[in-house]
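Colleague: I am new to this structure and would like to go through it with you, one question at a time. Could you reason each answer through before you give the value or name I ask for?

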Amino acid sequence: MDDPLKLGIAGLGTVGTGVLELMAQHGGSFASSASRGVEITGVCARDRRKNRGADISNFQWFDDPVSLAQSDDIDVFVELIGGEKGAAKVSVEAALKAGKHVVTANKALLAHHGLALARLADQNGVALNFEAAVAGGIPVIKTIRESLLANTISRVYGILNGTCNYILTRMQKEGRSFDEVLQEAQDAGYAEADPSFDIGGHDTAHKLVILTTLAFGVEASIDTVYVEGIESISLADIEAADELGYRIKLLGVALKTDSGIEQRVHPTMVPKNTAIAEVDGVMNCVAFDGDFVGDVMLIGPGAGARPTASSVLSDVLDIARGAIMPPFARRTDSLKPYERARMRAHEGGYYIRLSVFDRPGAFAAIAERMAEQDISLESIVQRRPRSALPGLDARTEDGSPLPVVMITHETTEAAIRAALQMIEKEGNVNEPPQMIRIENM
Ligand SMILES: NC(=O)c1ccc[n+]([C@@H]2O[C@H](COP(=O)([O-])OP(=O)(O)OC[C@H]3O[C@@H](n4cnc5c(N)ncnc54)[C@H](OP(=O)(O)O)[C@@H]3O)[C@@H](O)[C@H]2O)c1
């Protein structure tokens, strides 16, 4: 039997300590399950004295991740530091150049530098594995790289950020405001002290770029992703969506269209009777539309020490077995240039919520602006106070604006934006219109 595969672990935080725990529990069985033993030989973090909740005295300590990456005593450099630049980037580059396999959970690094790192891995004949970088414990990278490789994938989408899903789920189930639930998520440790990266959709965008590159075999870039976060979602939207038969989820969607590839992250209405609508709380899911396999959806824990460690070690075990895959499923130099579909050309149904001033002709003017853009309405609901629809001359008793919710038939983003711009400009609404895209399922 070969000598054990030697790991250098850089980063002993949430994921790193999860890896230590998994190795302590199951490391001994890998010699039989992977035909080769696996052992940790070196570790690195910032503070040597910090209690890691595990005995690390048998491992060589490195203050500098680059020295660990280049150490003769490791075969695989496991990067669990995080961040798109700095220590993570330089140490991963150093490891690849030194001919070490790399396993990383770092979506930011891959979203920004994945292609350059993949080229470096190709040149040096080593693995660059990153199962943990997208949707934590869900085996999504291998599903695309191995199980679905014989398919042409036309769409990949999912709930890729547990913080956002937790907030939206709590708002919906408990009728509480965004701010209230965000505070609770921070107290429970589900949201960062500065949550803007998560709730602004940027974390989802990082994961989406990786999925797009893999699923479509193109050189996707983080700069080509359209991103909207969940900050503008109010309880009024959640309740209206519920009445109309929808749930609101933050989705990352990559879709092949006739004019190129759409990559978009935004709050999305999904029909209540679909599987994705039921993915609640901190759970994640990823779905694929393949030409032969059909629709496939994976649901599971998208973060956390143990699920993420499970993915990190699955990458390590592939290397132990000698299964070295090209990082993005094919030779990196065969990835095609990315052709971006403009967001204005996006086609779909839309949810629109307006707060309309209670005055004669206001609603008629709004209907006219929609008609001018050939936008037809599937349904229209005038919310509190309840009165006859379509409400052309509906009145509130105290003269306050009327909340009106519309669902459109399929139209274009350009048409919706033009109509809403005119509606806002004409002054019949007392706040900017809310618009949420509906995803076909
Ligand atoms: N947390 C999750 O559930 C999860 C899920 C999927 C993917 N990921 C990804 O996994 C990676 C790690 O995340 P995490 O949550 O484990 O982060 P974390 O808890 O903040 O841990 C980061 C670790 O890196 C070490 N570190 C930071 N700067 C360093 C430097 N310059 N040199 C050496 N060590 C350094 C820290 O050392 P000290 O401990 O000494 O400060 C710490 O041990 C990130 O890329 C993240 O996106 C995380």
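Colleague: Is Asp 318 buried or exposed?

Modeller: This is a predicted model, and in it Asp 318 lies in helix H12, which covers residues 305-321. The relative accessibility of Asp 318 is 8%, and a residue under 20% is classed as buried. Asp 318 therefore counts as buried.

Colleague: Which residues does Asp 318 touch, leaving out those up to four places away in sequence?

Modeller: Asp 318 belongs to helix H12, and residues up to four places away in sequence are not counted here. With those set aside, the residues that Asp 318 touches are Asn 129, Lys 142, Glu 146 and Ala 323.

Colleague: Helix H12 also holds a salt-bridge partner of Glu 21; which residue is that partner?

Modeller: Glu 21 sits in helix H1, residues 14-26, and the pair links distant parts of the chain, 285 residues apart. Glu 21 is partly exposed, with a relative accessible area of 32%, whereas its partner, at 53% relative accessibility, counts as exposed. The closest N and O atoms of the salt bridge are 2.6 Å apart, and the partner of Glu 21 is Arg 306.

Colleague: How many salt bridges does the count come to?

Modeller: A pair enters the count when a side-chain nitrogen of Lys or Arg lies within 4 Å of a carboxyl oxygen of Asp or Glu. The bridge between Glu 21 and Arg 306, at 2.6 Å, is one of them. By this rule the count comes to 28.

Colleague: Are Glu 439 and Arg 155 buried or exposed?

Modeller: Glu 439 forms a salt bridge with Arg 155, and the closest N and O atoms are 2.9 Å apart. The pair links distant parts of the chain, since Glu 439 lies in the segment after strand E19 (434-438) and Arg 155 in strand E7 (residues 153-159), 284 residues apart. As for their accessibility, both Glu 439 and Arg 155 are buried.

Colleague: How many residues apart in sequence are the parts that Arg 170 and Glu 184 tie together?

Modeller: The side chains of Arg 170 and Glu 184 meet in a salt bridge of 3.4 Å, N to O. Arg 170 lies in helix H7 (residues 162-174) and Glu 184 in helix H8 (residues 178-187), so the pair ties together parts whose separation in sequence is 14 residues.

Colleague: Is Tyr 166, in helix H7, buried or exposed?

Modeller: Not counting residues up to four places away in sequence, Tyr 166 touches Val 181, Glu 184, Ala 185, Tyr 190, Gly 281 and Val 282. The C-alpha atoms of Tyr 166 and Lys 249 are separated by 9.9 Å, although these two residues are 83 residues apart along the chain. With a relative accessible area of 7%, Tyr 166 is buried.

Colleague: What value is phi of Ala 135 near?

Modeller: Ala 135 is found in the loop between strand E6 (128-129) and helix H6 (140-147), and its relative accessible area of 1% makes it a buried residue. The phi of Ala 135 is positive, in a residue other than glycine, and the value is near 60 degrees.

Colleague: What value is phi of Ala 329 near?

Modeller: Ala 329 has its place in the loop between H12 and strand E14 (336-337), and with a relative accessible area of 13% this residue is buried. Phi of Ala 329 is a positive value in a residue other than glycine, near 75 degrees.

Colleague: Which side chains offer an N or O atom to an oxygen atom of the ligand at 3.0 Å and at 3.3 Å?

Modeller: The ligand is surrounded by 23 residues, and the closest are Leu 12, Val 15, Asp 47, Arg 52 and Gly 304. A polar backbone atom of Val 15 lies 2.8 Å from an oxygen atom of the ligand. For the side chains, the residue at 3.0 Å is Lys 50, and the residue at 3.3 Å is Lys 107.

Colleague: How much of the ligand's area does the protein bury?

Modeller: The shell around the ligand divides into eleven nonpolar, seven polar and five charged residues. Taken alone, the ligand exposes 910 Å², and the part of that area buried by the protein is 78%.

Technical notes:
Residues numbered from 1 in each chain as written. Predicted model: local features only at pLDDT ≥ 70, side-chain atom pairs only at ≥ 80, totals over all residues. Heavy atoms only, no water. Near = heavy atom within 4 Å. Polar contact = N/O pair within 3.5 Å; in protein donor to acceptor, adjacent residues only side chain to side chain. Areas by Shrake-Rupley, 256 points an atom, 1.4 Å probe, with all protein chains shown as cover. Nonpolar A, V, L, I, M, F, W, Y, C, P; charged D, E, K, R; others polar. Helix = DSSP H or I, 4+ residues; strand = E, 2+ residues; numbered from the N terminus. Buried < 20%, exposed > 50% of the residue type's maximum accessible area, 1.4 Å probe, protein only. Contact = heavy atoms within 4.5 Å.
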